[in-house]
Amino acid sequence: MIIEAHDVGVTIGRRRIVHGESVRCEPGEMTALTGPSGSGKTSLLHVLGLLLPVTSGAVTADGTVVSGGSPRARRAFWRDHAAFVLQDYGIIDDESVAFNVALRRTRRADPRVRAALEHVGLQGREAEPAGHLSGGEKQRLALARAVHRDARALFVDEPTASLDAANRALVIGLLDDFARRGATVVVATHDEDMTAACAHRHPMNAPTITIH
Ligand SMILES: Nc1ncnc2c1ncn2[C@@H]1O[C@H](COP(=O)(O)OP(=O)(O)OP(=O)(O)O)[C@@H](O)[C@H]1O
Ligand SMILES: [Mg+2]
């Protein structure tokens, strides 16, 4: 699925937070949204994933305008195509690891849940409450959910922030696998290793702010 922003602007209240961004995210490729803190990476990622409405410009998926659509069209996009790994990982602490992968109760040894957990190195942890996992493990659990969904478009916010070098490499490898299998992977990041692994890099257009 080709996901594109066409001269997208976002204004919240009186503040312009996304400044005329145009980016084309291709299937089979990782696209990095890069730029300093506050430059609007997360906001543009949310715009591309239809989580945040545009004020100007448009978002298209395979050439069809999807921004400004009905709530029903957005829900269909999320249900059928998209997976998100956002900054808080969206983990439900009180539920089991397995529930967090499938987002519903599954049979005790559901092979698809097991395969997704194996993919991220969390095999055998199905029954544990997700709240017991470390930050890096929760990050990988969120990726297992995306693996389980087999999404065509994956939107990821700072996937390597707060991970050690070994886990950073693991997460970068997992995202790369997604892209190799044909998914469109969009990553907001300020990590140089993550950016280097992306075939396409999009620097944000934010105005330069000098801090005195
Ligand atoms: N809901 C909101 N209401 C008002 N301002 C917002 C809102 N969301 C984001 N902003 C502002 O928009 C700007 C861009 O924020 P954004 O989170 O997209 O930046 P970022 O590039 O992801 O930064 P970081 O690297 O720190 O994560 C910031 O100045 C932020 O305060
Ligand atoms: Mg951000």
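This note goes through the strand pairings, a helix packed on a sheet, several single residues and one pocket of a predicted model.

1. The open sheet is made of four strands, which follow one another in the order β2-β1-β4-β5 and pair in the antiparallel sense. Its edges are formed by β2, residues 15–25, and β5, residues 64–65; each of these has a single partner strand, so one side of each is left without a neighbour in the sheet.

2. Within that sheet, β1, which covers residues 3–12, is joined to β2 by seven bridges in the antiparallel sense. One position to look at on screen is Thr11, whose bridge partner in β2 is Arg16. Helix α1, residues 41–48, packs on the sheet and touches β1, β2 and β4, the last of these being residues 56–61. The direction of helix α1 makes about 60° with that of β2.

3. Strand β3 takes in residues 29–34 and is mostly covered, since five of its six residues are buried. It pairs in the parallel sense with strand β8, residues 184–188, over five bridges, and also in the parallel sense with strand β9, residues 200–203, over four bridges. Ala32 can serve as a point of reference for both pairings: it stands opposite Val187 in β8, while its bridge partner in β9 is Arg201.

4. Gly49 belongs to the loop between α1 and β4, and it counts as buried because its relative accessible area, 0%, falls under the 20% cut-off. When residues up to four places away in sequence are not counted, Gly49 touches Phe77, Trp78, Phe84 and Phe155. A separation that may be checked directly in the coordinates is the one between the C-alpha atoms of Gly49 and Gly38, which are 11 residues apart along the chain and separated by 19 Å.

5. Two residues deserve a look at their backbone angles. Asp62, which is not a glycine, nevertheless has a positive phi of about 45°; this residue is placed in the loop between β4 and β5 and is partly exposed, with a relative accessible area of 43%. Asp150, likewise a residue other than glycine, has a positive phi near 55°. Asp150 lies in the loop between α5 and β7, the latter being residues 153–157, and with a relative accessible area of 53% it is classed as exposed, because the cut-off for that class is over 50%.

6. His148 is found in helix α5, which runs over residues 135–149. Is His148 buried or exposed? It is buried, with a relative accessible area of 9%. Leaving aside neighbours within four places in sequence, the contacts of His148 are with Val101, Ala102, Arg112, Val113 and Ala116.

7. The second largest pocket has a volume of about 230 Å³. Its lining consists of Ser96, Ala98, Phe99, Arg104, Arg105, Thr106, Arg107, Arg108, Asp110, Val113, Glu126 and Ala127. Sorted by class, this lining holds six charged, four nonpolar and two polar residues. Val113 is one of the lining residues, and it is also among the contacts of His148.

Terms used:
Residues numbered from 1 in each chain as written. Chains lettered and ligands numbered in written order. Predicted model: local features only at pLDDT ≥ 70, side-chain atom pairs only at ≥ 80, totals over all residues. Heavy atoms only, no water. Pairing = 2+ DSSP bridges. Helix = DSSP H or I, 4+ residues; strand = E, 2+ residues; numbered from the N terminus. Contact = heavy atoms within 4.5 Å. Axes fitted to C-alpha atoms, helices over the stretch in contact; angles between N-to-C directions. Buried < 20%, exposed > 50% of the residue type's maximum accessible area, 1.4 Å probe, protein only. 1 Å grid on protein atoms, 1.4 Å probe; cavity = no way out; pocket = protein on both sides within 12 Å on 5 of 7 lines; lining within 4 Å. Points joined across faces, edges and corners; volume = space filled by probe spheres on them. Nonpolar A, V, L, I, M, F, W, Y, C, P; charged D, E, K, R; others polar.
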